[in-house]
Amino acid sequence: MTRKPAIMYREVKGMAYTRKEYMGGVPNSRISQFDMGNLKDEFPITLTLKCENRVQIRHTSLEAGRIAANRLLTKAGIANYHLKLRAYPHVVLRENKLATGAGADRVSSGMRHAFGKNVGTAARFERNQAIMTVSCTRPAFDTAKLALWKASMKYPTPCYIDVEKGKDLVL
């Protein structure tokens, strides 16, 4: 796992580093599920959580947002919603680990050959791109809106909730 804070990885810089067949091992993604709830039924209301800025979100943060949203939505009833995570973390993050402490000057090579080792993955989002979508019934609308808001607190960018389908039912 990374030792550096998430703020170091949230800016989109340079080309995406994604070709896993050329890398010497990439840590697995922490995201365990991409679809939750009732996967078979059609729902009248669809809410989407979208990011306001161009950002890179780590796989641990995506999983934390998914857990936060799903925890609230299960209270509304598992048959009343369908939660879908809309991005897969495919960009590989690297970290140049430096030795610290006594004797570190003899062990560490500093910035010489500082390409870095693979420490995790992230998903890149453009402005106004969907992070997750919730389809729900009318009684579960307020719970779904609160669930998406709680999930947005886990991400390193401001987010907003867009009601795409069922605007006339909500008003």
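Here is a short tour of one sheet, the helix across it and the nonpolar core.

The model is predicted, so to speak, by computation: local features need pLDDT of at least 70, side-chain atom pairs count only at pLDDT 80 or more, and totals for chains, interfaces and linings use all residues. Residues are numbered from 1 along each chain as its sequence is written, and side-chain values use heavy atoms, with hydrogens and water left out.

**The sheet.** Start by selecting strands S3 (55–58) and S5 (91–95), the edge strands, each of which pairs on one side only. Add S6 (residues 117–125), and you have an open antiparallel sheet in the order S3-S6-S5. From one strand to the next, the twist averages 50°. Strands here are DSSP E runs of at least two residues and helices are H or I runs of at least four, numbered from the N terminus; pairing takes at least two DSSP bridges. S5 and S6 share five bridges; to see one, pick Val92 and its partner Thr121 in S6.

**The helix.** Next, show H1 (residues 59–75), which lies across S3 and S6 at about 75° to S3. Axes are lines fitted to C-alpha atoms, for helices over the stretch in contact, with angles from 0 to 180 degrees between N-to-C directions.

**The core.** Now select Phe125 and Met132, the residues with the most contacts inside the largest nonpolar core, which has 31 residues. Such a core joins buried Ala, Val, Leu, Ile, Met, Phe, Trp, Tyr and Cys residues through side-chain atoms within 4.5 Å, buried being under 20% relative accessible area (1.4 Å probe, protein chains only). H3 (141–152) is among the contributors and gives the largest share, five residues.

Finish at Phe125: beyond four places in sequence, its contacts (heavy atoms within 4.5 Å) include Cys51, Ile57, Leu62 and Ile131.

Note on methods:
Buried < 20%, exposed > 50% of the residue type's maximum accessible area, 1.4 Å probe, protein only.
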